[in-house]
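Let's take a walk through this fold, from its packed interior to one stretch of its sheet. Have the viewer open and follow along.

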Amino acid sequence: NRRIVLASRPHGAPQPENFRLESVEKPEPQEGEMLLRSVYLSLDPYMRGRMSDAKSYAEPVAIDEVMVGGTVCQVETTRHPDFEEGEWVLAYTGWQDYGISNGEGLIKLGKTPVHPSYALGVMGMPGFTAYMGLLDIGQPKAGETLVVAAATGPVGATVGQIGKIKGCRVIGVAGGVEKCRYAKEVLGFDECIDHYAEDFAEQLAAACDKGIDVYFENVGGKVFDAVMPLLNTSARIPLCGLVSQYNATALPEGPDRMSMLMGQLLVKRIKMQGFIIFDDYAHRYGEFAKDMSQWLAEGRIQYKEQLVEGLENAPEAFIGLLEGKNFGKLVIKTNDP
Ligand code: NDP
C-alpha cells in the first residue's frame, strides 16, 4: 500500500521534497467497513490550499498525513451490507492505493461504468463548479459576451461550452497556441487568446468589441487586469478561483489598485461573488447531473483528460498543474481496474 504524505509545507511553488512516498501495510476493514482500491486520483488546484496552514474554508493537511483528494475506487473486500466486491465508487481516499470506508459520503458508480474517471471531472466537482458558477451567479443571456480563463481545464472548458449552449459569444484565455486552437476547434469557442502573448490585453480587447458581460474568474493576476477595463455595466463575475496567486508569497508589487476596482464595481454596478461549490450548492447536484449527462450524450459537451500513470508521479504532475503544464483534466491512474 503506497501513499504520499505531506512532508513539509511549501513556501511559494510546491517542490518535490514537500511530498514523501511511503509504503505501509494494507489496512483491514472492520465490520460495517470496506477496503477500497484506488484506480483514479484527481489532482486539483485547491490542494495547494490544503498544503498551507493559512486559515481557509477547509482544514489543512497535517504534516506526515496523506494528501487529500477525490478518487474513483473499486471495492476490494467488503464487510458492508450495501456494497459488493468489484463495485465502483467515487470516494475521497486521497493520494494512496488503499482506503477504508464505512460508506459515508461515497457515491456509487455501478459495476461497469463506461467512463469511471469522468466522475472526477466533467460529471463531478469541476463540471458542477462550472455549471453552478456560470448559471447561478453568471446568469448568462443569449448574445452576451462571456470570458473564461484556464479555458481548456475542466472548469473553464465546461463554462465556455455551457456558455455556447446558452447562446453567448465565448472568449477563452489559455496558455499557448495549442490550447487556444483546441478551445476554438474542439470546444467551439468563438475566440481564445494566449495569455503569454506580449499584446495579450490588446488582443483580448479586440476580441471583446462589445465589452464583457460575464467574466468567469479562475486565475486572477494579469488576466483580471486585462478584463477589468472591458467590463460592461451590470456585468457579473463568478469568483471561482485565483490559480495565478496560489503560489504567491506576498501581495503583488506596484500601486494599490483596490480603490480603482471598487470604483469600477460601483459605477458599472458589477456583481462579483465568490462561491465554494459543495458548501454552497450541494443541494443542487441533481439538476447538474441531469443536464450534464444529457449534454454529453448529445455530444454538446467535449471533455479532455490528461491521464498520468503511477501514484509516484502525482507530486510532479501537481506541481505542473499550478504552472499550466496540464492540458485537460489532470488525473493520476493509480492502479489497474
Ligand atoms: P485547470 O486544469 O484549469 O488547471 C489550472 C490552469 O490554470 C492551468 O492549466 C493554467 O492554464 C491556468 N493557470 C495557471 N497559472 C496561471 C497564471 N499564472 N495565469 C493564467 N492562468 C494560469 O484547473 P481546474 O479547471 O480544476 O480549476 C480552475 C479554477 O477553478 C481554479 O482556480 C480552481 O481553484 C477553481 N475551482 C474552484 C472551485 C470552487 O468551489 N470555488 C471548485 C473547483 C475549482 P493555462 O495554461 O491555460 O494558463
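What follows looks at the nonpolar cores and then at three neighbouring strands.

Keep in mind that this is a predicted model. Start with the largest nonpolar core, which has 45 residues. If you want anchor points to click on, Leu43, Trp95, Val147, Leu204, Tyr215, Leu231 and Phe318 have the most contacts inside it. Helix α10, residues 314–321, gives the most to this core, with 5 residues. So where does the core sit relative to the domains? It lies between domain 1 (2–121 + 303–333) and domain 2 (125–278), because both of them give residues to it. There's another core too, lying apart from that one: it has 36 residues, including Met123, Cys180, Phe189 and Ile277.

Now swing over to strand β9, residues 169–174. Is β9 largely enclosed or open? Of its 6 residues, 5 are buried, so the rest of the structure largely encloses this strand.

On one hand, β9 pairs with strand β8 (residues 145–149): the two run parallel and are joined by 5 bridges. Here you'll find Leu146 opposite Val170 in β9. To get from β8 to β9 the chain goes through helix α3 (residues 154–165), making a right-handed β-α-β crossover.

β9 also pairs with strand β10 (residues 191–194), again running parallel, this time through 4 bridges. Gly172 stands opposite Cys192 in β10. The link from β9 to β10 passes through helix α4 (residues 177–185), and this β-α-β crossover is right-handed as well.

Conventions: Residues numbered from 1 in each chain as written. Predicted model: local features only at pLDDT ≥ 70, side-chain atom pairs only at ≥ 80, totals over all residues. Heavy atoms only, no water. Core = buried A, V, L, I, M, F, W, Y, C linked by side-chain atoms within 4.5 Å. Buried < 20%, exposed > 50% of the residue type's maximum accessible area, 1.4 Å probe, protein only. Domains from an automatic or database assignment. Pairing = 2+ DSSP bridges. Right-handed = clockwise from strand over helix to strand, strands pointing away.
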